[in-house]
Amino acid sequence: MSETRKDFCSTNSIIKFDLQLFAEEKTEKATPKRRQDARKKGQVAKSTEINSALILVATFSTIFALLPDSVGKVKELLVSYLSLPAMGELTIEYIHNLTVNLVLFVVRITIPIMLTAALVGIAANLGQIGFLIPEQALSIKLERINPIEGFKRIFSKRSLVELAKAILKIILISCIAYSSIKKSFNWFIASSTLSPIVAANTLAELARKLVLQLGGGLIILAAADYMYQRWEFEKAIRMSKQEIKEEYKQTEGDPQIKAKIKEMQRQIARRRMMQEVPKADVIITNPTHYAVAIQYDEQTMEAPKIIAKGQDFIAEQIKKIAQQHGIPMVENKPLAQTLYKTVEIGDYIPPKLYQAVAEVLAFVYRFKGKV
């Protein structure tokens, strides 16, 4: 018997453990709050391959666009340097002018290229993740300099994926370059018979086509990498059902606590309402289900106002307080129901009910006058 009991307890614990694992399995999509928290930590779906491909294409496109003007400037510089005067005729002013021209030429060529690369890189980042300065990425973390953690990152799944992408990129570039060179192989053999200018122009055109082909291949690879990064990101921020429940409790509050708070708020509002009942001029009743307390002061109010109302138990409490303070009670079922359902506490009577309420108040005033 004891052995059977032990087996049952063991089986029961295993079932509970399996249920716990099932409950903790991350199968649900991330909530907006989870996405926002991940973004604050710098966890976003981003592909560096898109930046590299776009910067490559934009940079070489800028180079080819500036090439004709740059060739003319290079010719001018070569003429200037090849026509240098004899050593005895060199002056500081002449050397200064040559140096300034050389520096201006380099700056004129490099600045547009660097500016294009920077702008395209910024645009690629903004297009993928928008403007983001992760809060936690700026903080110092000691685990980043931990060698053990470093080895774990080296041999992690992400590192293997990055290695596979690098190998695939090398294969892609090699295939495109080999195909392009193979198609132009006959031209390279015949280039020795061409004039230098024709050969240079043809070589530049071949280089431009090669760069565009490489850029197109890298953009396709980058698009695939972005889709993978997006899938990996969505998988990483998935949540379990228990996590969603805990998040809901943190953001919306525990339902039981919220219910208690609402009940306390209702009780406080009810006590304040009951404190206003003695100020009423009349209580209009159903007579058992509804009770509505009305106050009117022609000196300060533009119309009669409801200062308290209730149904069933609350209605009985209002009538009890009215009896204690000698407030008249008038039975009018349609008017009591209409006031209770259409007018909120603290609001004035709507114009469509002026006539009915005025008749009640007139009756009360006549009664008080007789007294």
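1. Confidence first. This is a predicted model, with a mean pLDDT of 76 for the protein, and 77% of the residues reach 70 or more. The high point is strand 2, at 87, and the low point is helix 1 (residues 2–24), at a mean of 46. Residues 1–11 have pLDDT below 50, and beyond near neighbours in sequence this stretch makes zero contacts in the model. Residues 13–23 are also below 50 in pLDDT, with three contacts beyond near neighbours in sequence. Where pLDDT is low, the predicted coordinates should not be read in detail. I'd leave helix 1 there and move on to the sheet.

2. The sheet. There is an open sheet of four strands in the order 3-2-1-4, and its pairing is mixed. Strand 3 (305–311) and strand 4 (329–331) are the edge strands, each pairing on one side only. On average, neighbouring strands of this sheet are turned by 20° against each other, direction ignored.

3. Who pairs with whom, and in which sense? Strands of a sheet pair through backbone hydrogen bonds, either parallel or antiparallel. Strand 2 and strand 3 are antiparallel, with six bridges, and strand 1 and strand 2 are antiparallel too, with four bridges. Strand 1 (residues 282–285) and strand 4 run parallel and are joined by three bridges. Strand 1 and strand 2 make a hairpin, with four residues between them.

4. Register, if you want to check it on screen. Ile283 sits opposite Ala293 of strand 2, and Ala293 in turn stands opposite Ala308 in strand 3. On the parallel side, look for Thr285 opposite Glu331 in strand 4.

5. Strand 2 up close. How many of the residues of strand 2 are buried? Six of six, so to speak the full set. In a regular strand the side chains alternate between the two faces of the sheet. Here, Tyr290, Val292 and Ile294 are buried on one side, while Ala291, Ala293 and Gln295 are buried on the other, and both faces of strand 2 are covered.

6. The helices on the sheet. Helix 11 (residues 313–324) packs on the sheet and touches strand 1, strand 2 (290–295), strand 3 and strand 4, with its direction at about 125° to that of strand 3. Helix 12 (residues 333–342) lies across strands 1, 2, 3 and 4 as well, and runs at about 80° to strand 2.

7. Helix 12 has two distinct sides. Leu335, Ala336 and Leu339 are its buried residues to look at. They lie on the same side of helix 12 because they cover an arc of only 100° around the axis. The face turned away from that buried side carries Pro334 and Lys341, which are exposed. At the start of helix 12, a side-chain oxygen of Asn332 comes within 3.2 Å of the backbone nitrogen of Leu335.

8. Thr285 is a handy residue to centre the view on. Is Thr285, in strand 1, buried or exposed? Thr285 counts as buried because its relative accessibility is 5%. Leaving aside neighbours within four places in sequence, Thr285 is in contact with Tyr290, Ala291, Lys319, Val330, Glu331, Asn332, Lys333 and Ala336. Of these, Tyr290 and Ala291 are buried residues of strand 2, and Ala336 is buried in helix 12. Thr285 and Lys309 are 24 residues apart in sequence, with their C-alpha atoms 9.8 Å apart in space.

9. Away from the sheet, two glutamines. Gln128 is in helix 4 (residues 92–129), and it counts as buried because its relative accessibility is 13%. Setting aside neighbours within four places in sequence, Gln128 is in contact with Ala45, Lys46, Ser47, Ile50, Asn51 and Tyr226. Gln242 belongs to helix 9 (residues 241–252). Gln242 counts as partly exposed because its relative accessibility is 33%. Gln242 and Glu25 are 217 residues apart in sequence, yet 9.1 Å apart in space, C-alpha to C-alpha.

Key: Residues are numbered from 1 along each chain as its sequence is written. Side-chain values use heavy atoms; hydrogens and water are left out. Buried means under 20% relative accessible area, exposed over 50%, partly exposed in between (1.4 Å probe, protein chains only). Contact means heavy atoms within 4.5 Å. Two strands pair if DSSP finds at least two bridges between them. Axes are lines fitted to C-alpha atoms, for helices over the stretch in contact, and angles run from 0 to 180 degrees between N-to-C directions. pLDDT is the predictor's confidence in each residue, from 0 to 100. The arc is that of the directions from the helix axis to the C-beta atoms. A polar contact is a pair of N or O atoms within 3.5 Å; within protein, one must be able to donate a hydrogen and the other to accept it, and residues adjacent in sequence count only if both atoms are side-chain atoms.
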